[in-house]
Amino acid sequence: MIFKHLDNLIELFRLKDWDIDLTIGNCQSEAQTMMMYNCYKADIVIDKNLNEEQQLQSLIHELVHIVMRNTQTIEEENVDEKLHPMWKREMERETEKIAMCIYKLYTQNKDERKEE
Ligand SMILES: [Zn+2]
């Protein structure tokens with residue numbers, strides 16, 4: 001089911017130029033993404049212990065990171081060391097806030113989408 005969501009979301013986010021690999025497995029946090037930007041490749045790992053809803057929320061969160069990759073990386077590479085923890089926390093909050101909006105809209109509209 002989560003892999004069907006991945007296909008839907010890649011289309012929704014206009015990320016078809018990316019090679020996105022999703023694994024449900026062991027993860028230090030809820031989810032993490034390795035991006036190889038030069039080849040537009042991303043490997044997302046989502047914690048297998050999350051329930052289906054949490055996995056979908058985490059997937060959307062990671063896809064927002066991919067969409068925001070340019071600005072988030074430029075900021076991270078240039079933010080002052082002392083400010084970095086605060087920058088990171090706020091960046092994650094913003095990413096999560098956007099992800100939750102998209103999650104809500106995405107799940108509200110699921111009946112209108114083709115399930116197969
Ligand atoms: Zn994040």
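These are my notebook entries on the helices, the sheet and a few single residues of a predicted model.

**Entry 1. Ground rules**

I am working with a predicted model, in which local features need pLDDT of at least 70, side-chain atom pairs count only at pLDDT 80 or more, and totals for chains, interfaces and linings use all residues. I number residues from 1 along each chain as its sequence is written. For helices (H or I, at least four residues) and strands (E, at least two) I take DSSP runs, numbered from the N terminus.

**Entry 2. The sheet**

I looked up the strand order first. The strands form an open sheet of 3 in the order β1-β3-β2, with mixed pairing; two strands pair if DSSP finds at least two bridges between them. β1 and β2 stand at the edges with a single partner strand each, so each has one side without a neighbour in the sheet. On average, neighbouring strands are turned by 15° against each other, direction ignored. I note that axes are lines fitted to C-alpha atoms, for helices over the stretch in contact, and that angles run from 0 to 180 degrees between N-to-C directions.

Next I took the pairs of strands. β1 and β3 run parallel and are joined by 7 bridges. In this pair I found Thr-23 opposite Val-45 of β3. β2 and β3 pair in the antiparallel sense, over 6 bridges. Here I listed three facing positions: Thr-33 stands opposite Ile-44 in β3, Met-34 opposite Asp-43 in β3, and Met-35 opposite Ala-42 in β3. As a general point, side chains in a regular strand alternate between the two faces of the sheet.

I then asked which strands α2 touches. α2 packs on the sheet and touches β1, β2 and β3, and its direction makes about 30° with that of β2. For contact I use C-beta atoms, placed from the backbone, that lie within 7 Å.

**Entry 3. Two residues with positive phi**

Most residues other than glycine have a negative phi. I therefore wrote down two exceptions, Tyr-40, at about 50°, and Arg-14, near 55°, with the general rule in mind.

Tyr-40 lies in the loop between β2 (31-36) and β3 (41-47). The two strands form a hairpin with 4 residues between them, and Tyr-40 is in the turn. Tyr-40 counts as partly exposed because it has 15 C-beta neighbours inside 10 Å. The scale I use is buried for 20 or more other C-beta atoms within 10 Å, exposed for 12 or fewer, and partly exposed in between, with C-beta atoms placed from the backbone.

Arg-14 is in the loop between α1 and β1 (19-25). I counted 9 other C-beta atoms within 10 Å of Arg-14, so this residue is exposed.

**Entry 4. α1 against α2**

The axes of α1 (residues 2-12) and α2 (residues 52-67) come within 11 Å and cross at roughly 30°. α1 is therefore roughly parallel to α2; the classes are under 35 degrees for roughly parallel, over 145 for roughly antiparallel, 65 to 115 for roughly perpendicular, and oblique for the rest. The crossing is right-handed, meaning that the near helix is turned clockwise from the far one by less than a right angle, with anticlockwise for left-handed.

From α1, the contact takes in Ile-2, His-5, Leu-6 and Leu-9, and from α2 it takes in Gln-55, Leu-56, Leu-59, Ile-60 and Leu-63. I sorted these residues into 7 nonpolar, 2 polar and no charged. Nonpolar covers Ala, Val, Leu, Ile, Met, Phe, Trp, Tyr, Cys and Pro; charged covers Asp, Glu, Lys and Arg; the others, Gly among them, are polar.

**Entry 5. α2 against α4**

How do α2 and α4 cross, and at roughly what angle? Their axes come within 9 Å and cross at roughly 125°, which means α2 is oblique to α4. This crossing is right-handed.

On the α2 side I found Leu-56, Gln-57, Ile-60, His-61, Val-64 and His-65, which meet Thr-95, Glu-96, Ile-98, Ala-99, Ile-102 and Tyr-103 in α4. The contact divides into 7 nonpolar, 4 polar and 1 charged.

**Entry 6. Two distances**

Glu-92 lies in helix α4 (residues 84-108) and is partly exposed, with 13 C-beta neighbours inside 10 Å. Glu-92 and His-61 are 31 residues apart in sequence and 9.1 Å apart, C-alpha to C-alpha.

Gln-54 is in α2 and is partly exposed, with 14 other C-beta atoms within 10 Å. Between the C-alpha atoms of Gln-54 and Glu-30, 24 residues apart along the chain, I noted 8.6 Å.

Definitions and conventions
Contact = placed C-beta atoms within 7 Å.
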